[in-house]
Amino acid sequence: MINTKITKKLILNHAKRYPKLKPLDIFKFLFQSAFGCEHLVSDKERVISYINQELESIPNPPSKIEELDGNYSRVYLGVVREGISALTLGSIFYLSAKKEQDGMKQLTASLKAVAEVVEEGKFKFSKEEYYATLKEWEEAGFPAVRHSKEFRESYKPCYRVIANYFIPLLPLLCKIDQFILSNSNGFCTEIKEYGKELLPILQEIYKERVSEIKLEKNLLSIAK
């Protein structure tokens, strides 16, 4: 159930953070809030390849997390510079993709909440521009949209939409990735701090690298 007060607050904060945003950027925010990243994911290898390509084209991407209005957040690619690997980021992005059964219902409710903000004249763009862009989007069937040209040129967004479940795990995933790089023969002791209930999702994230982080040995260590 969407909380319209929270929706309004998040959108107003978003507009304050990015004063040059356009209606398209609000629609992208709402679409990602409702549907996450399901429209962007084909296969994990391609996802990881795109992340690497984007990192090569952006020298210093920011490292920040922006909360969306729902079960997802935008994780900027700068987190890779802080220790998490593109492989791991791509894996959790891939695992974040799922079909949101109530996505359209949430989007509809969010648009109603945003319309109230528009009517209050809180955005820098006009009401006419907003409703004209909304009409085009609605007639197209509310597809996924790109950021506006103004937004892309001014802010150079470089993020992936990740399920909020993974956000508190980012520090741990950074430590695990650094553990892998170190080629240590010991244990990644931080795993034990989170408890054995986390191991199934770690096994999924590190499916191709299970032996590298010695998950089985960590499991035995945790079980004792």
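In which helix is the place of Pro-200? I looked this up at the outset and found Pro-200 in helix α10, which covers residues 199-205. The model I consulted is a predicted one.

**Entry on Pro-200**

I next asked whether Pro-200 is buried or exposed. Pro-200 is exposed, as its relative accessible area is 53% and the cut-off for that class is over 50%. I also took the separation of Pro-200 from Tyr-76. The two residues lie 124 places apart in sequence, and their C-alpha atoms are 26 Å apart in space.

**Entry on the chain as a whole**

I then turned to the overall layout. The chain has 11 helices and 3 strands. Read from the N terminus, its elements follow the order α-α-α-β-β-α-α-α-α-β-α-α-α-α. The C-alpha trace spans about 65 × 40 × 30 Å along the principal axes.

I looked up burial for the chain: 46% of its 224 residues count as buried. The accessible surface comes to about 12,200 Å², and carbon and sulfur atoms account for 52% of that surface.

I also looked up how contacts are spread along the sequence. Of the contacts between residues at least 6 apart in sequence, 76% join residues at least 24 apart.

For charge, I noted 34 positive and 30 negative charges in the chain. The mean positions of these two sets are 3 Å apart.

**Entry on salt bridges**

How many salt bridges does the count give? The count comes to 8 salt bridges. In general terms, side chains of opposite charge can pair when their charged atoms come close.

I began with the salt bridge between Glu-129 and Lys-22, where the N to O distance is 3.4 Å. This pair links distant parts of the chain, its members being 107 residues apart. Glu-129 belongs to helix α6 (residues 127-139), whereas Lys-22 is in the loop between α1 (4-17) and α2 (23-35). I checked the exposure of both partners. Glu-129 is partly exposed at 27% relative accessible area, and Lys-22 is partly exposed at 24%.

The second pair I looked up was Glu-119 with Lys-127, a salt bridge whose closest N and O atoms are 3.5 Å apart. Glu-119 has a relative accessibility of 44% and counts as partly exposed. Lys-127 is also partly exposed, with a value of 34%.

The third pair was Glu-204 with Lys-207, whose closest N and O atoms are 3.0 Å apart in their salt bridge. Glu-204 counts as partly exposed at 30% relative accessibility, and Lys-207 counts as partly exposed at 47%. Elsewhere I noted that Lys-64, Glu-66 and Arg-74 are joined into one network by salt bridges that share partners.

**Entry on Lys-28**

Which side chain of opposite charge is nearest to Lys-28? It is that of Asp-25, 7.9 Å away. Lys-28 has no salt bridge, although this residue is buried. The absence follows from the cut-off, because a salt bridge requires the nitrogen and oxygen to be within 4 Å.

I placed Lys-28 in helix α2. Setting aside neighbours within four places in sequence, I found Lys-28 in contact with Arg-74, Val-145, Arg-146, His-147 and Tyr-159. Arg-74, one of these contacts, is also a member of the network with Lys-64 and Glu-66.

**Entry on the cysteines**

How many disulfides does the structure hold? I found 0 disulfides. Cys-37 is accordingly in no disulfide, and the nearest cysteine sulfur, that of Cys-158, is 16 Å away. A disulfide is a covalent bond between the sulfur atoms of two cysteines. The cut-off for such a pair is 2.5 Å between the sulfur atoms.

I then asked whether Cys-37 is buried or exposed. Cys-37 is buried, with a relative accessible area of 0%. Cys-174 also counts as buried, at 18%, since the cut-off for burial is under 20%.

Cys-188 was the last cysteine I looked up. Cys-188 is found in the loop between α8 (170-182) and α9 (190-194). Its relative accessible area is 1%, so Cys-188 is buried. Cys-188 and Glu-100 are 88 residues apart in sequence, and from C-alpha to C-alpha they are 34 Å apart in space.

Definitions and conventions. Residues numbered from 1 in each chain as written. Predicted model: local features only at pLDDT ≥ 70, side-chain atom pairs only at ≥ 80, totals over all residues. Heavy atoms only, no water. Helix = DSSP H or I, 4+ residues; strand = E, 2+ residues; numbered from the N terminus. Buried < 20%, exposed > 50% of the residue type's maximum accessible area, 1.4 Å probe, protein only. Contact = heavy atoms within 4.5 Å. Areas by Shrake-Rupley, 256 points an atom, 1.4 Å probe, with all protein chains shown as cover. Lys, Arg positive; Asp, Glu negative; His and termini not counted. Charge placed at Lys NZ, Arg CZ, Asp CG, Glu CD.
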